[in-house]
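Here is a walk through a two-part question: which side chains meet, and where do they sit? Have the model open as you read.

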Amino acid sequence: MDAAVLEDITKVYRVGDQEIHALAGVSLTIPEGDFVAITGPSGSGKSTLMHLLGCLDTPTAGRMEICGKDLSSANSDTLARARNREIGFVFQAFNLLPKLDVVGNVELPLLYSNVSTRERRERAIAAAQSVGLGERLKNRPAQLSGGQCQRVAIARALVNNPRILFGDEPTGNLDSQTGRMVLDLFRSLNEGGRTIVLVTHDPKVAATARRIIEIHDGRISREYSP
Amino acid sequence: MSPFRLLDTALREITAHKFRSALSMLGVVLGVGSLIATMALTRGIERGVRAFMQQIGGLEFVNVTNKEISGQQMDFWNLSPGRTLMDARVIAASAPLISHISPEMNLGAAISVGEISDRNLVIGVWPDHAVAARHELAQGRFITAWDVERATKAVVIGDEIRTRFFPGKSATETLGKQLLINGSPFQVVGVFKRYEREQDKRMREILAARNKGAARAGSSRHRFDPFRRKNTSILIPLSTMFHEFKAGLFPMDDMESVRIDTLTLRVRNLDHFREALEQVRNALNVTHRGVDDFDLETREEWFDRMESNIAATKMSGGLIAAISLIVGGIGITNIMLASITERIREIGIRMAVGARQRDIFLQILAESVSISLLGGACGIIAGIALVEVLIRVAPTENLPVIEATSILLSVAFAVLIGAASGIYPALKASRLEPISALRYE
């Protein structure tokens, strides 16, 4: 089964009277276990593409299938469920909740799926340990370094064991050494069989992937392997 | 999310912003506090009025009163003898729907026992007076038919008369003692129990506990007290009253034709109230020779008026409390709106990891309900404290009563207000777009 299939996808935003064609006919298939990097200049539509693939939004037209489910015109509850079960996000700005400690942040997705309190704790601690944060379970984001924060975010993205892991400029806020560490983590996850989609404008980051897709003006302009 | 989880998240959020939460609770605290206080006060008033109504007798009592003669009958007003003992005798003979008849004759007299003397009202009564005035004996017996027939010199006294004229003697010790009414000796055959309202009883107990009983015991005398009249009663047989004190004033008078001061009747069965009144009216038309100079005063209207006063008091108290609760609710809405604006990004993150609109909605709602409930709890404590302070600082006629139902009602109102004030902010939060919420700075 393919992790994601897009057929002739368009996405139009309306800002006042103006129509902005963020995506104009994108077709793309991401097989399970793939490691894809989506690149392109800002305003090219790569973020929009990631939002669609990440089930944060639905296309204006075209067919979109994520993990075998047609979500082309899904309602918000179905999308939320898909995000909860099939997808993990890692953001550039970490997007952790400052009031919660490491375990609290990591277990957040499990709050919205029917998991008992005990199992939730256990899985969150296991996920935090798997990214090397076993010693900092009670710390809050403000007490962690940038690299540690991003690892908390990765643990959170993985805690529900999703099929696809998205990284939206995951190294953008990190120094090059920590960035490399995070990318290594992504690569080893992919070697373990997980589908990974990175959105980045940094060619060095994109080079980590097996396949690079370049977007220009809402269309795929080039597709190649590094 | 499970309800427990929702509550936990809500409480975390509330404790994270203690001052803000306290501020938003304040309105509910005041609202619930005033609700508790007004309910306690009106309940106290209600109880007081009901106790009063019970003491003066129920609906089945009817007073025969004098009425101004209308213009057409002015010419033959002197045909009617007015209310006399004959009225009572005729009603007893011809109105079977009347169960008790209590004619009274009053006399302001000099009372003395040994060194102590004072003026007090003396009332000549029939045995039925015990029922009509709802008297209860502490010791001895009431005026009997035999007393009336023989015009004995028996006297039954209220508790306050006993303490005034027989200081230091118990009710039992007072029985058989002599009491002079206008110099004529009477023997005490009965003593009534002390009539008092719950509040006075409690006050007396508190004062007794503080050992200052003597200093304040008479304080209730200065206030309006519906039971005082009963506590100061001195009752003798009606016939004795006539022969000792009234006969001979007008040589032509006999006992049946001398005017009485009060005539109280008790209807046997409330189901036949109208018919009973009709029987009385017919009897009195005969004795008054057709002159329309009497009225039958029932307590129905009076009680209706009291009831509607109670309802109005409750209503206005409730309205004031409701307004302050609504204002409190608006306060919560306001702060919740500010709080979700501050947390748009958090909401976006929660949505990104799989929170549905409903989850966000419930989270915000749980928060506002929790704030309101906490405020309600503080309000209940504040209300109870306020009532306690009111009792101490400004003792009223009617002791405020806090009931479990009013506390439950307040909690229910707090939840309702919390839910109502949370709906709009919760809707607003749940309708955020995940993408724009995530990007919000």
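## Salt bridges in chain A

Let's start with a charged pair: A:Arg121 and A:Glu107 join their side chains in a salt bridge, at 3.1 Å from N to O. A:Arg121 belongs to helix H5 (residues 117-130) of chain A, while A:Glu107 is in the loop between helix H3 (102-106) and helix H4 (108-111) of chain A, so this contact ties together parts that are 14 residues apart in sequence. Bear in mind that this is a predicted model. How accessible are the two partners? A:Arg121 has 30% relative accessibility and so counts as partly exposed, whereas A:Glu107 is buried with a relative accessible area of 2%.

A second salt bridge in this chain brings together the side chains of A:Glu86 and A:Lys69, again with 3.1 Å from N to O. Here A:Glu86 comes from helix H2 (residues 76-86) of chain A and A:Lys69 from strand E5 of chain A, so the pair ties together parts 17 residues apart in sequence. A:Glu86 counts as buried because its relative accessibility is 11%, under the 20% cut-off. A:Lys69 comes out at 43% relative accessibility, which makes it partly exposed.

## The strands around A:Lys69

A:Lys69 is also a handy way into the strand pairing. In E5(A), A:Lys69 stands opposite A:Ile66. Strand E5 (residues 69-70) of chain A runs antiparallel to E4(A), and two bridges join them. With two residues between them, E4(A) and E5(A) make a hairpin. Which turn residue has a positive phi? That would be A:Cys67, at about 50°.

Strand E4 (residues 61-66) of chain A has another neighbour too: strand E1 (residues 2-15) of chain A pairs with it in the antiparallel sense, over five bridges. One of the matched positions is A:Thr10, whose bridge partner in E4(A) is A:Ala61. As a general point, side chains in a regular strand alternate between the two faces of the sheet.

## Charge pairs in chain B and a shared network

Zooming out, the structure holds 42 salt bridges over all chains. In chain B, the side chains of B:Arg228 and B:Glu160 form one of them, at 3.7 Å from N to O. This pair links distant parts of the chain, with B:Arg228 in helix H10 (residues 228-231) of chain B and B:Glu160 in helix H6 (residues 159-165) of chain B, 68 residues apart. B:Arg228 counts as partly exposed at 30% relative accessibility, and B:Glu160 counts as buried at 12%.

Some salt bridges share partners: A:Lys99, B:Glu13, B:Arg343, B:Glu346, B:Arg350 and B:Glu367 are joined into one network that way. In general, side chains of opposite charge can pair when their charged atoms come close.

## Aromatic pairs

How many aromatic pairs are there over all chains? The count comes to five. One of them is B:Phe142 with B:Phe192: the ring centres are 6.0 Å apart and the planes are at 40°, so this pair is tilted. Distant parts of the chain meet here, since B:Phe142 is in the loop between strand E4 (137-140) and helix H5 (145-150) of chain B and B:Phe192 is in strand E7 (residues 184-192) of chain B, 50 residues apart. Both B:Phe142 and B:Phe192 are buried.

Stacked or tilted for the pair of B:Phe186 and B:Phe245? This one is stacked, with 6.2 Å centre to centre and 15° between the planes. B:Phe186 sits in strand E7 of chain B and B:Phe245 in helix H11 (residues 238-246) of chain B, 59 residues apart, and the pair links distant parts of the chain. B:Phe186 is buried at a relative accessible area of 1%, and B:Phe245 also counts as buried, at 14% relative accessibility. Over in chain A, A:Phe89, A:Phe91 and A:Phe166 form one aromatic cluster.

## Charges over rings

B:Phe186 turns up once more: the charged end of B:Lys153 sits over the ring of B:Phe186, 5.3 Å from its centre. Chain A has a similar arrangement, where the charged end of A:Arg222 is placed over the ring of A:Tyr224, 4.1 Å from the ring centre.

## Domains of chain B

Finally, the layout of chain B: domain 1 covers 3-54 + 305-439, and domain 2 covers 61-298. Taken over C-alpha atoms, the centres of domain 1 of chain B and domain 2 of chain B are separated by 54 Å.

Conventions: Residues numbered from 1 in each chain as written. Chains lettered and ligands numbered in written order. Predicted model: local features only at pLDDT ≥ 70, side-chain atom pairs only at ≥ 80, totals over all residues. Heavy atoms only, no water. Pairing = 2+ DSSP bridges. Helix = DSSP H or I, 4+ residues; strand = E, 2+ residues; numbered from the N terminus. Domains from an automatic or database assignment. Phe/Tyr/Trp six-rings, centres within 6.5 Å; stacked < 30°, edge-to-face > 60°. Buried < 20%, exposed > 50% of the residue type's maximum accessible area, 1.4 Å probe, protein only. Lys NZ or Arg CZ within 6 Å of the ring centre and 35° of its normal. Salt bridge = Lys/Arg side-chain N within 4 Å of Asp/Glu carboxyl O.
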